Amino acid sequence: MTASLEAARSMLGEWQKHSRPVEVKIWSYGISVIARGVLVRCDEQMLVIAESQTNFQLNFDLVKEAMASGDSVELELTEGPSILIRRLPN
């Protein structure tokens, strides 16, 4: 695990403790999906964001590179899309 992934996971964990609303943007090859919800799980293994209709789940084993800064976390996966998670104002 890289230090950048650990920093990103730590930031996400803090957001979870304070029930901060987040926005998730998933994009690949010119297509993007945006979802809003609340972090309900962020541990060593998995990230789960709950929305009203569905859940977004990510296994951290798929993360190739992570970058945390300010109010956002960017995750690049080993295969597939990139993910941007940003904290929304309360």
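Visitor: In the hairpin of β5 and β6, which residue takes a positive phi?

Guide: This is a predicted model, in which local features need pLDDT of at least 70 and side-chain atom pairs count only at pLDDT 80 or more, while totals for chains, interfaces and linings use all residues. Residues are numbered from 1 along each chain as its sequence is written, and side-chain values use heavy atoms, with hydrogens and water left out. Strands (E, at least two residues) and helices (H or I, at least four) are DSSP runs numbered from the N terminus. The hairpin has 2 residues between its strands, and the residue with a positive phi near 55° is glycine 70.

Visitor: What is the bridge partner of alanine 68 in β6?

Guide: Strand β6 covers residues 72–77 and runs antiparallel to β5, with 6 bridges between them; two strands count as paired if DSSP finds at least two bridges between them. Glutamate 65 has glutamate 76 as its bridge partner in β6, whereas alanine 68 is matched there with valine 73.

Visitor: How many bridges does strand β1 form with β2?

Guide: Strand β1 (residues 21–28) also pairs with β7 (residues 82–87), in the antiparallel sense and over 6 bridges, with valine 24 opposite isoleucine 85. The hairpin of β1 and β2 has 2 residues between the strands, and its tyrosine 29 has a positive phi near 50°. With β2 (residues 31–42) the pairing is likewise recorded as antiparallel, and the number of bridges is 8.

Visitor: What does the twist average from one strand to the next?

Guide: The 7 strands make an open sheet with antiparallel pairing, in the order β4-β3-β2-β1-β7-β6-β5. β4 (55–59) and β5 (63–69) each have a single partner strand, so one side of each lacks a neighbour in the sheet, and these two stand at its edges. From one strand to the next, the twist averages 30°.

Visitor: What angle does the direction of helix α1 make with that of β2?

Guide: Helix α1 (residues 3–17) packs on the sheet and touches β1, β2, β3 (46–50), β5, β6 and β7, where contact means heavy atoms within 4.5 Å. Axes are lines fitted to C-alpha atoms, for helices over the stretch in contact, and angles between N-to-C directions run from 0 to 180 degrees. Between α1 and β2 the angle is about 70°.

Visitor: Which side chain of opposite charge is nearest to arginine 20?

Guide: Arginine 20 sits in the loop between α1 and β1, and its contacts beyond four places in sequence include Trp15, Val38 and Pro89. A polar atom of its side chain lies 3.1 Å from the backbone oxygen of leucine 88. Arginine 20 is buried (under 20% relative accessible area, against over 50% for exposed and in between for partly exposed, with a 1.4 Å probe and protein chains only). It has no salt bridge (a side-chain nitrogen of Lys or Arg within 4 Å of a carboxyl oxygen of Asp or Glu), and at 6.3 Å the nearest side chain of opposite charge (Lys and Arg count as positive, Asp and Glu as negative, with His and the chain ends not counted) is that of aspartate 71.

Visitor: How far apart are the closest N and O atoms of arginine 36 and glutamate 23?

Guide: Glutamate 23 is buried, at a relative accessible area of 10%, and it stands opposite arginine 36 in β2. These two residues form a salt bridge, in which the closest N and O atoms are separated by 2.8 Å.

Visitor: Which residue forms a salt bridge with glutamate 44?

Guide: The structure holds 8 salt bridges. Glutamate 44 is exposed at 55% relative accessibility, while its partner is buried with a relative accessible area of 5%. The closest N and O atoms are 3.7 Å apart, and the partner is arginine 9.

Visitor: What is the relative accessibility of valine 40?

Guide: Valine 40 lies in strand β2 and touches Gln16, Val48 and Ala50, leaving aside residues up to four places away in sequence. Serine 19 is 21 residues from valine 40 in sequence, with 8.0 Å between their C-alpha atoms. Valine 40 counts as partly exposed, because its relative accessibility is 46%.

Note on methods: Polar contact = N/O pair within 3.5 Å; in protein donor to acceptor, adjacent residues only side chain to side chain.
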